[in-house]
Amino acid sequence: MITKDKIFAFLLGINRKPSDEEGLNELQLLAKTAGAEVVGTAVQKRLKVDPAYYVGRGKAEEVASAVKTLGANVIICDDELSPVQIRNLEDITETKIIDRTMLILDIFAQRANTSEGKIQVELAQLQYMMPRLTGKGIELSQEGGGIGTRGPGETKLETDRRHIRRRIYRLKKELLEIQKSRQVIMKSRKYPVISLVGYTNAGKSTLLNVLTGADAATGDRLFETLDTTTRGLDLPDGRRVLLSDTVGFIRKLPHHLVEAFKATLEEVREADMLIHVADGSSSILEEEIITVNSVLSDIGIGEKPVILAINKIDKRNNENRFIRSYNQDNTIEISALKGINLDKLLNAISKYLPSNRHHAELFIPYDDARSLDKIHQNSDIDEIKYEYDGVRIRGSVDIAILNDLEKYVSR
Ligand SMILES: Nc1nc2c(ncn2[C@@H]2O[C@H](COP(=O)(O)OP(=O)(O)OP(=O)(O)O)[C@@H](O)[C@H]2O)c(=O)[nH]1
Ligand SMILES: [Mg+2]
């Protein structure tokens with residue numbers, strides 16, 4: 001977070017639904033992830049945010065005195081606030097205000113380690129800051145005004161704005177380049193791609209690791225993963241696929257962040273299939289599932305085959321609660337950590353992964369029974385001839401199998 005000194009945070013939120021059992025739990029985790037120690041919380045029940053103070057003015061005054069008693073040096077609000085709300089709250093509480101968006105952006109900034117990740121986070125931060133740089137009474141400098149805007153009237157803020165705008169332009173250009181080279185790579189890939197998507201902390205990276213032997217970082221923090229890791233995986237039907245892990249989603253995900261992360265999420269858009277990993281032990285499982293689905297549709301990922309993997313069943317205590325609502329063929333309950341039902345998951349992937357077949361002719365020696373078996377499982381065979389030292393097969397064969405058995409393909 002902004003300061004290097006110890007952060008003592010007071011959390012402030014609004015409870016819009018009477019049945020909101022989650023309260024500020026998630027904000028607590030976010031605050032902890034960002035390195036803050038939570039010293040107090042307050043939630044106000046109200047249907048709409050107050051346009052001037054976020055919570056009601058009276059509540060803001062209460063918070064002001066609580067913050068002094070508890071020794072908090074920052075107040076973290078559970079929603080994205082307007083510049084006016086931030087200024088008013090800061091005036092009344094005499095304490096620095098951080099909103100949910102700043103907090104999430106801050107965590108992302110700490111996590112980003114590839115150049116793509118860094119560019120995306122910086123872009124989101126600058127876009128968030130832009131409208132907030134306009135101080136009281138300072139007019140927006142005219143677009144491209146150049147000479148006309150220079151002179152005694154120019155403020156520091158306006159210079160910053162111009163600088164930021166230029167930087168945003170540059171970052172967007174760099175991202176576009178990255179996106180282009182990514183598309184080239186994706187077009188040339190030989191195997192189908194399956195993307196792991198899901199709420200942050202659901203266990204996506206743990207699942208990637210256990211299925212492919214990758215060593216993606218996992219941890220009980222939010223947004224552990226920002227970058228995509230991709231590894232090969234052999235399915236029970238003999239097909240080889242690429243499994244890739246990506247950034248997790250969260251409720252009220254900042255709009256700028258979703259925009260900025262489109263380059264990373266491009267991989268998900270190009271995937272042949274998704275595995276939606278959900279945390280079966282979460283008290284807000286259903287809401288998390290809905291959130292993920294709506295982010296997916298926001299970024300234009302429409303109809304793709306998807307398997308819902310309800311993870312952490314080893315940890316779940318309220319038996320059968322979710323089986324009722326998600327008792328569908330494409331829903332598998334698993335534990336990535338304890339290795340429960342992973343075979344079922346792999347079989348479901350084989351079943352739902354669309355096959356992409358090409359017409360081909362192959363010659364397979366008799367001693368390679370495994371390859372023969374793969375062909376039988378994943379092809380529509382038109383003709384089969386048993387020759388002296390092998391089998392000649394003509395038919396529509398899955399593209400992933402063809403890639404694997406390239407040496408047997410007759411041209
Ligand atoms: N009990 C239990 N814990 C699990 C299971 N799978 C993952 N976890 C734990 O859940 C935490 C989050 O796991 P990750 O794999 O990092 O989750 P993620 O979905 O990649 O999270 P982000 O990268 O932050 O989006 C870790 O502490 C894991 O050890 C499981 O099946 N059972
Ligand atoms: Mg992860």
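A residue is called buried if 20 or more other C-beta atoms lie within 10 Å of its own, exposed if 12 or fewer, and partly exposed in between, with C-beta atoms placed from the backbone. Colleagues, this is a predicted model, in which local features need pLDDT of at least 70 and side-chain atom pairs count only at pLDDT 80 or more, while totals for chains, interfaces and linings use all residues. Residues are numbered from 1 along each chain as its sequence is written, and chains are lettered from A and ligands numbered from 1 in the order in which they are written.

I begin with helix H4, residues 100-111; helices here are DSSP runs of H or I with at least four residues, strands are E runs of at least two, and both are numbered from the N terminus. Because 10 of its 12 residues are buried, H4 is largely enclosed by the rest of the structure. Arg100, Asp106 and Arg111 are among the buried residues, as are Leu103 and Phe108. Which elements pack against the buried residues of H4? They are helices H1, H5 and H8 together with strands E3 and E4, where contact requires C-beta atoms, placed from the backbone, within 7 Å.

Helix H2, residues 57-70, offers another view. Its buried residues are Ala60, Val63 and Val67. Seen down the helix axis, they fall within an arc of 55°, so they line one face of H2; the arc is that of the directions from the axis to the C-beta atoms. The face turned away carries the exposed Gly58, Ser65, Lys68 and Thr69. Just after H2, Gly71 takes a positive phi of about 75°.

Key:
Expected span 1.5 Å × (residues − 1). Contact = placed C-beta atoms within 7 Å.
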